[in-house]
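Look at the structure below with two topics in mind: how charged side chains pair up, and where enclosed space is found inside a protein. The report takes the pairs first and the enclosed space afterwards.

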Amino acid sequence: MPTAARTITLVVAATFVAAACGTATERAVPATDPATTAVKSVAPGSAGRSVEWTPCGAVQCGALDVPASHTDPAGPVLRIALYRRAATAGAPQGTLLLLPSFDGPSARQLAEQATVMVGPAARSLDVVAVSPRGFFDSSALPCGVQTQWVTDPGRAAEIAAACVVDRGDTATSLGLLDSADDVERVVSALGARRVKAVGWGRGATILAAWKMRNPASSSFVVLDSPDDPGIALARVASLNRTAEDAALAATLMWCTSHISCPLVENAAKRVGFVLEDIEAGTAGPVTVSDFRLAFTRAMATGDVGALFGAFASAEKGDFAPLAAFAGAAGSADEAAFAARVAAACSDLSREESRKIAAADAAFETLLFRVGLGATIPLVCASMPEPTRPLSPLEPAAAARGAAVRVFVAAGDPATSPAMVRAFAKRLDWEFSQVEASGHLVVGRDRAVTDAVSRFLSGE
């Protein structure tokens, strides 16, 4: 392949303006800051060793060039977007890395809202938020798909084709191992020693892998709802699928036990009738994908009251509120989905992809199916073989018993609480299960955020 074709270009600083703790229906499309947006071609073998910072609003924007595959340092290079906010309370007491999840606050927002997300401890630390490869402003895999397609396995080949157009072998260089190596390179480039770090969702999984491989590079680490990189990905998918189904049952139980819920009587049966109308094609533009996305978003954000209000309207023939709750296709949703595809298809071998898709198709739900279903693994099965597929990761000896705190919500619909608990126990990390529904708790639950702040302060 010609050198030019193997060059990767990334948008350094297009940002999201969604509220830090907003619901899915409040998410906005990306806003580009002309003062900070830069698109550059990075030549193979030109990975950088330092970060150049420029002012961009309330924070500083920077970037670091890293190998597309850390096993091939002389090969293609990509750019990682970084955002820095200096300590606001006296001399800095160290460096705090923040890594985002697929959804929710972007890396830039994490830097700007650090005291909201991790508490007052952030004031005494230089905060550096890292946008992992394949994420948001590091838009490495622009899948040109409609968000409403993502729950339809029949669209898998179409999505795969859209994701590999003009991407060459870069579409499968965005996995966990290289992302974790990026974190280590960022720490080195910053000249920091034993940084502190907090990650959410995928960001937490990246930090977990980094801590397992580079235990001496950090002091205090907080992981909010990570997947376990030490077990097979098919097992991760199975556990998360079960957690999703349990969250659905809990969501319906909430409605039947709260008089304020408009579907309080026979919620599951009444929602089932609405689904039948959708499947019969009598629900206007609302599709089964909309139905599944609406439930998934409500369970992740905890905004179940609005969901059942939308279903109550649908019972009367008005499907517009349900369509609005599911969310119109937009670049914010599409970028988040592209990031998920990039991560999954860079970690999953084709064989593992097919295994997960088959298990997903055979899974028996308690009521009806929500979530993304088999779509992503089927997309991955049609993608090129990844350059560094993930196999169960063995931790370095010093990683066991390290100063790591792991959090998860008891009703997390996206990450299995049982998996997170077992992961923390195996590595002798401190574990806290929060009595809450929804996905991610740090920065959303005040008590948890206060505990994180004390932990980062060494209390």
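A salt bridge is counted here when a side-chain nitrogen of Lys or Arg lies within 4 Å of a carboxyl oxygen of Asp or Glu. Side chains of opposite charge can pair when their charged atoms come close. The model shown is a predicted one, and under this definition it holds 17 salt bridges.

**Three salt bridges**

One of these pairs is formed by the side chains of Arg79 and Asp65, with 2.6 Å from N to O. The pair links distant parts of the chain, since Arg79 belongs to strand 7 (residues 77-85) and Asp65 to strand 6 (residues 59-67), with their positions 14 residues apart in the numbering. Are these two residues buried or exposed? A residue is called buried when its relative accessible area is under 20%. Arg79 has a value of 13% and is therefore buried, and Asp65, at 14%, is therefore buried as well.

A second pair is made by Asp182 and Arg133, whose side chains meet in a salt bridge of 2.6 Å, again taken from N to O. Here Asp182 sits in helix 4 (residues 176-190), whereas Arg133 is found in the loop between strand 9 (126-131) and helix 3 (156-164), and the two are 49 residues apart. Both Asp182 and Arg133 are buried.

In a third pair, Arg241 forms a salt bridge with Asp360, and their closest N and O atoms are 3.3 Å apart. Because Arg241 lies in helix 6 (residues 233-256) and Asp360 in helix 12 (residues 350-362), this pair ties together parts that are 119 residues apart in sequence. Both Arg241 and Asp360 are buried.

| Salt bridge | N to O distance |
|---|---|
| Arg79 and Asp65 | 2.6 Å |
| Asp182 and Arg133 | 2.6 Å |
| Arg241 and Asp360 | 3.3 Å |

Salt bridges can also share partners, and in this way Arg133, Asp178, Asp181, Asp182, Arg213 and Arg388 are joined into one network.

**Enclosed space**

The count of cavities of 30 Å³ or more comes to four, and the second largest cavity holds about 80 Å³ of space. Which residues lie nearest the centre of the second largest cavity? They are Asp103, Pro105, Met117, Trp200 and Leu440, which belong to a lining of twelve residues. Sorted by class, the lining of this second largest cavity has eight nonpolar residues, together with two polar and two charged ones.

Methods:
Residues numbered from 1 in each chain as written. Predicted model: local features only at pLDDT ≥ 70, side-chain atom pairs only at ≥ 80, totals over all residues. Heavy atoms only, no water. 1 Å grid on protein atoms, 1.4 Å probe; cavity = no way out; pocket = protein on both sides within 12 Å on 5 of 7 lines; lining within 4 Å. Points joined across faces, edges and corners; volume = space filled by probe spheres on them. Nonpolar A, V, L, I, M, F, W, Y, C, P; charged D, E, K, R; others polar. Helix = DSSP H or I, 4+ residues; strand = E, 2+ residues; numbered from the N terminus. Buried < 20%, exposed > 50% of the residue type's maximum accessible area, 1.4 Å probe, protein only.
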